[in-house]
Amino acid sequence: MKKNKKSKSKKADQLIEDASFMLHRSKGNGVLRRQIWANENDEVTRYNLAYINHRLFGGDNGRVLGYDNAHGYHHRHYFGEVEAINFESFEQLETLFQQEFEVLHEKAKSTK
């Protein structure tokens, strides 16, 4: 007699936020992009935070600054350079991204 195996299907991570914010020309141009996926326990499993501004940088599809965990590791994009980062928490990373964005955004406003 053959036993039926109960398959435990892991629920796929859900995209819980997918937002783009256009920055007005008077505010320095560009786009802020925020994508977040979470598991069934509301833990962030994937993320993409990006500041895109083609006036500041033409490479990497205009991504001036970005943090994500694609390709199996946490990393930072900065003017086309990619480096692995030490990941403590998503909240810590959001704060770091915001601080860096504010500095770059001021630079962009002064170059309009």
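A salt bridge is a side-chain nitrogen of Lys or Arg within 4 Å of a carboxyl oxygen of Asp or Glu. In this predicted model, the side chains of Glu 83 and Arg 76 meet that description, with a separation of 2.9 Å from N to O.

**Salt bridges**

The structure holds seven salt bridges, and three of the pairs are set out below.

| Pair | Distance (N to O) |
|---|---|
| Glu 83 and Arg 76 | 2.9 Å |
| Arg 76 and Glu 100 | 2.5 Å |
| Asp 68 and Arg 63 | 3.6 Å |

Arg 76 takes part in a salt bridge with Glu 83 and in another with Glu 100. The pair of Arg 76 and Glu 100 links distant parts of the chain, since Arg 76 lies in strand E5 (residues 75-78) and Glu 100 in helix H1, 24 residues apart. Arg 76 counts as buried because its relative accessibility is 14%, where the cut-off for buried is under 20%. Glu 100, at 17% relative accessibility, likewise counts as buried, whereas Glu 83 is partly exposed, with a relative accessible area of 42%.

In the salt bridge between Asp 68 and Arg 63, Asp 68 is buried with a relative accessible area of 6%, and Arg 63 is also buried, with a value of 17%. Elsewhere, salt bridges join Glu 17, Arg 34 and Glu 94 into a network.

**The nonpolar core**

Seventeen residues make up the largest nonpolar core, and those with the most contacts inside it are Tyr 51, Val 64, Leu 65, Tyr 67, Phe 97 and Phe 101. At least two residues of this core are supplied by each of E2, strand E3 (44-52), strand E4 (63-68) and helix H1 (90-110), and H1 provides the largest share, namely six residues. When neighbours within four places in sequence are left aside, Phe 97 is in contact with Leu 32, Leu 49, Ala 50, Tyr 51, Leu 65, Gly 66 and Tyr 67.

**The loop between E1 and E2**

Asn 29 is found in the loop that runs between strand E1 (14-22) and strand E2 (31-38). This residue is nevertheless buried, because its relative accessible area of 18% falls under the 20% cut-off. Apart from neighbours within four places in sequence, Asn 29 is in contact with Leu 23, His 24, Tyr 51, Asn 53 and Arg 55. Tyr 51 therefore appears among the contacts of Asn 29, and Tyr 51 is also one of the residues with the most contacts inside the largest nonpolar core.

Notes. Residues are numbered from 1 along each chain as its sequence is written. This is a predicted model: local features need pLDDT of at least 70, side-chain atom pairs count only at pLDDT 80 or more; totals for chains, interfaces and linings use all residues. Side-chain values use heavy atoms; hydrogens and water are left out. Helices (H or I, at least four residues) and strands (E, at least two) are DSSP runs, numbered from the N terminus. Buried means under 20% relative accessible area, exposed over 50%, partly exposed in between (1.4 Å probe, protein chains only). Contact means heavy atoms within 4.5 Å. A nonpolar core is a set of buried Ala, Val, Leu, Ile, Met, Phe, Trp, Tyr and Cys residues joined through side-chain atoms within 4.5 Å.
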